[in-house]
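Colleague: Could you take a close look at the empty space inside this predicted model for me? I'd like to hear about the largest cavity, what lines it, and what else turns up around it.

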Amino acid sequence: MLLSGFIAVLIVVTPREYIKAYVGYLLGDPTPKKVGRISLNPLVHLDPVGTVTFILFDFGWSRPVPIRPWNLKNGRKAFLFVSLLGPIVGVLCFICFGFVARFFDNNSFAFLVFRKATKYSLTYALFSLFPIPPLDGSRILGALLPPNYTEWYLKYEVYGTLFMLALVVLWIMPMVMDPFVSFIEMLVSRILG
């Protein structure tokens with residue numbers, strides 16, 4: 001069960017973070033390339049705490065792709081676009097992984113992996129919309145803030161993972177996410193059986 005969860009996290013996180021890094025680079029920010037995030041190697045995208053929360057609580061996060069809005073060609077608009085890509089790719093992966101899971105026997109390991117990947121994709125898409133740094137929701141909010149506040153707001157990203165860890169340890173985030181995870185589990189069960 002842990003192995004299937006870990007593999008599911010790998011296949012959920014990789015396309016999502018790769019696409020954000022690559023598009024950020026195409027839009028003018030060299031940072032993702034400089035730090036090696038334009039990669040299909042899932043290990044460069046994993047956050048250890050976020051990976052464990054995926055496996056234990058069915059939601060989690062990955063390492064944030066470093067995108068600097070002041071480096072992007074269209075600045076804040078491009079930053080908003082890159083930030084929205086995470087949840088959009090998550091929903092697209094939900095559809096794709098659900099489709100792929102249907103090709104496997106319900107009792108097979110591959111079915112279990114893709115079933116979890118289907119669920120993780122949608123929970124991650126939803127969870128990432130919370131405006132907690134470094135989640136995509138915080139970057140969306142940062143792109144919508146007045147320009148003089150964006151840089152100030154984004155500098156607190158480094159504390160975001162610690163804050164999320166505290167929310168998990170204090171059982172706040174699992175309680176908040178439980179109704180969403182339950183709904184997504186029901187949805188995945190209806191789609192995949």
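Modeller: H1 makes the largest contribution to the lining of the largest cavity, with three residues. Helix H1 runs over 2–26, and helix H6 (136–144) is another element that gives at least two residues to that lining. Keep in mind that this is a predicted model. The space in there comes to about 80 Å³. In total 14 residues line the largest cavity, and Lys20, Tyr124, Pro134, Leu135 and Asp136 sit closest to its centre. If you're thinking about what kind of surroundings that makes, the lining of the largest cavity splits into six nonpolar, two polar and six charged residues.

Now for what else is enclosed. Searching the whole structure for cavities of 30 Å³ or more gives two. The second largest cavity holds about 30 Å³ of space. Its lining is short enough to spell out: Val12, Arg16, Val89, Gly90, Cys93, Ser121 and Tyr124. You'll recognise Tyr124 there, since that residue is also among those closest to the centre of the largest cavity. H1 comes back as well, giving at least two residues to the lining of the second largest cavity, as do helix H4 (75–101) and helix H5 (109–127). Here, though, the largest share belongs to H4, with three residues. By class, the second largest cavity is lined by four nonpolar, two polar and one charged residues.

Then there's the open side of things. For the largest pocket, the volume is about 260 Å³. Its lining takes in 16 residues, and the ones nearest its centre are Arg68, Arg139, Leu154, Glu157 and Val158. Two elements give two or more residues to that lining, helix H7 (147–154) and helix H8 (157–169). H8 provides the largest share, three residues. As for chemistry, the pocket lining has ten nonpolar, one polar and five charged residues.

So, back to your cavity: if you want places to start looking in the viewer, try Lys20 and Asp136, which are among the residues closest to its centre. After that, follow H1, which supplies the largest share of the lining of the largest cavity and also reaches the lining of the second largest one.

Notes: Residues numbered from 1 in each chain as written. Predicted model: local features only at pLDDT ≥ 70, side-chain atom pairs only at ≥ 80, totals over all residues. Heavy atoms only, no water. 1 Å grid on protein atoms, 1.4 Å probe; cavity = no way out; pocket = protein on both sides within 12 Å on 5 of 7 lines; lining within 4 Å. Points joined across faces, edges and corners; volume = space filled by probe spheres on them. Helix = DSSP H or I, 4+ residues; strand = E, 2+ residues; numbered from the N terminus. Nonpolar A, V, L, I, M, F, W, Y, C, P; charged D, E, K, R; others polar.
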